[in-house]
Amino acid sequence: MKLFLLSTLTLCAALSACSTVQRNAATAPTLSDMNAVSPALAHYTEDVVIGELWKRPDLSSRDRSVVTLSVLIALNQTVELPYHLNLALDNGVKPGEISEIITHLAFYSGWANATSAVGITKAVFEKRGITADQIPPAVGDRLPIDEAAEARRANGVQQNFGRIAAGVAQFSTDVLFRDLWLRPGLTPRDRSLVTVSALVATGQIAQIGYHLNRAMDNGLTRAQASEAMTQLAFYAGWPKVFSALPVVKEVLEKRAG
Amino acid sequence: MKLFLLSTLTLCAALSACSTVQRNAATAPTLSDMNAVSPALAHYTEDVVIGELWKRPDLSSRDRSVVTLSVLIALNQTVELPYHLNLALDNGVKPGEISEIITHLAFYSGWANATSAVGITKAVFEKRGITADQIPPAVGDRLPIDEAAEARRANGVQQNFGRIAAGVAQFSTDVLFRDLWLRPGLTPRDRSLVTVSALVATGQIAQIGYHLNRAMDNGLTRAQASEAMTQLAFYAGWPKVFSALPVVKEVLEKRAG
Amino acid sequence: MKLFLLSTLTLCAALSACSTVQRNAATAPTLSDMNAVSPALAHYTEDVVIGELWKRPDLSSRDRSVVTLSVLIALNQTVELPYHLNLALDNGVKPGEISEIITHLAFYSGWANATSAVGITKAVFEKRGITADQIPPAVGDRLPIDEAAEARRANGVQQNFGRIAAGVAQFSTDVLFRDLWLRPGLTPRDRSLVTVSALVATGQIAQIGYHLNRAMDNGLTRAQASEAMTQLAFYAGWPKVFSALPVVKEVLEKRAG
């Protein structure tokens, strides 16, 4: 189900539940709306974004949905969110993973972006009959931690900013790196993909080096990193990606050497 | 019709269609709303923004509307969009140009900002009786391309990022610079003004040098570039403009030399 | 009243006016909504944000509300705004101060963010019976100006950008530094806290040095500056704060020396 804008319309001819789904996403324009305002945008959406971008190899449609959701949540682009939540679920992103992506982005793009996404996601989950047992609990088992790598990270932060920003350093260790990142509902590789996508979308160039390296340590391949940039060009915009590419290049070249 | 916030109210005394126009823009505050919360903001809006900024020479009210629409779309500031779409049309921005601005900003500020603008623009177009024949078609004639300049651009991107971001490089050439920028519904000078405005609004300093030079190659004058920064100070905020000014200065001084 | 999400629910059992307050903030998720989508986010909100962050010493809950409102307005995060406007009033931020914060952020984060906040704030003010006599007038007395410091600032801007951005330089002097900053409805220290919060939230690193120094000249202490970064980490997101910390460190170390 890659034909995303079209697919909603097509599905709605077949599913009785669609009138409410459509109403919930009322502000998201259909292709017909797009054609009324910009036939060119409808054309690029159908022929380039749906017809080419989402079908490119090197990054699965599931991963493209992870990247796209991360951009929409990090930029608070709520109009498209119901559509892309449904597409993500169709593309194999699990409800529990969406739940974790939202929580992860509370920390990596600001609390109110996450709470804004909660209301919209709740409506989508309800429409699809997604229930509490599909969502990871608040507390429970944690993934094992790489103590050596975490010590290096924590010491670096402590040395640089421990005196002038003790609170930030403390929460970084206690809540982010010793808890959030170890939650098993989303793999570290996916958390990294979410993080890098949000960093590009919000223009946080200075943080990309650390997190892209971490992403690749966590299993993101060079081809996937490269192709994530293509997806981000369309959803975060060309300038954001061109501003990120020098850092991406530096990371990839250093790791190749 | 420069008195924009006031003008809506004034117009509405005279036009029967206004009740629906007003309803559509229901969330946009009136001067009366502003006075209830911040008489100072109402005062600055009337006396400084309407009374001075929009009347300054060196940039026409039509161009100021192009800059302002670009900021609102690039930052997804939907509350003010209906008002400024109407003002832009009153200031001489053609419906087809608005259509092209939205499509252009899909690429230069992220797809969901454009689709968000589509729904709002459709309602404004309908209220004003703007029909499909006033909107550029998806495909058709293209402006001639400067092959030498495009070869320099494409080679630069290929050398820098061709290996690590092949997809971005390919779509940049095929879709942006050999198609989007050549669409005749918006002049290259206006596309550049839209692009530079979006870059300042989204803080993409590293991309301003190339695009401001391109804007001036495309016919934007020094006085217009300078005055666009004044308009952007109010609509994108002072800090975004002060962060952009060192690059603007460098570009203007190099071209003067 | 620090238990903010919970407090709304609790209050609503006691106050008959709450049904309308709740309806106005309908899109803001409750803890129950959060638990349906992400029990982890609800847990972090209750136990870390409410349970720890807002109770930390070194920054009052009143100042935390100033920082948080500034982020929400500067990023146009309207869903959370009604809740945090009410919390800010409960925490001792005066209606007139909220009025001035909105106007200040028109200049420091773009006009449409302020007008967007006006509509939401008007509804909150009405529900709480806040009337016009509690709001500062558009014109009136101004605080005394430090002519020497203002001359240094104005000369610096004039030398750097006077020729290439005369309009920006002129409005900076006439409207911002000789009028807005001198409005008595918000102390210069609070205006600085609002400004620095907005700069971090919008990633305007290059402007933080000047404004953090100004904030401390205006009375913000080192401990408050440091703890504001902790508050910003949660509300603007970790990456924005980590991108700001090198400048914060430089400012604090220079002033210590």
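In the predicted model, 15 residue pairs are in polar contact between chain B and chain A, counting pairs in which both residues have pLDDT 80 or more. Four elements of chain B each give two or more residues to the side that touches chain A: helix H7 (95–109), helix H8 (111–127), helix H9 (147–161) and helix H10 (166–177). H8(B) provides the largest share of that side, with 11 residues. By residue class, the side of chain B that touches chain A comprises 26 nonpolar, 18 polar and 3 charged residues.

Across the interface of chain B and chain A, 1 salt bridge is found. The side chains of B:Lys122 and A:Asp33 meet in a salt bridge, with an N to O distance of 3.3 Å.

In total, 47 residues of chain B are in contact with 42 residues of chain A. The two chains bury about 3,700 Å² between them, and 69% of this area lies on carbon and sulfur atoms. B:Trp111, B:Ile164 and B:Phe171 account for 21% of the area that chain B buries against chain A, more than any other three residues.

The two chains were also compared by superposition. A turn of 120° and a shift of 0.0 Å along the axis lay chain B on chain A with an RMSD of 0.0 Å. This is the relation of a three-fold axis. Within chain B, the C-alpha of B:Gly203 is the nearest to the axis, at 4.5 Å. Only 2% of the interface residues of chain B are also interface residues in chain A, and the copies therefore meet through different surfaces.

Conventions:
Residues are numbered from 1 along each chain as its sequence is written. Chains are lettered from A and ligands numbered from 1 in the order in which they are written. This is a predicted model: local features need pLDDT of at least 70, side-chain atom pairs count only at pLDDT 80 or more; totals for chains, interfaces and linings use all residues. Side-chain values use heavy atoms; hydrogens and water are left out. Copies are superposed by least squares on the C-alpha atoms of residues with pLDDT of at least 70 in both. Contact means heavy atoms within 4.5 Å. Buried area is the accessible area (1.4 Å probe) that two parts lose on being put together, summed over both. A salt bridge is a side-chain nitrogen of Lys or Arg within 4 Å of a carboxyl oxygen of Asp or Glu. A polar contact is a pair of N or O atoms within 3.5 Å; within protein, one must be able to donate a hydrogen and the other to accept it, and residues adjacent in sequence count only if both atoms are side-chain atoms. Ala, Val, Leu, Ile, Met, Phe, Trp, Tyr, Cys and Pro count as nonpolar, Asp, Glu, Lys and Arg as charged, and the others, Gly among them, as polar.
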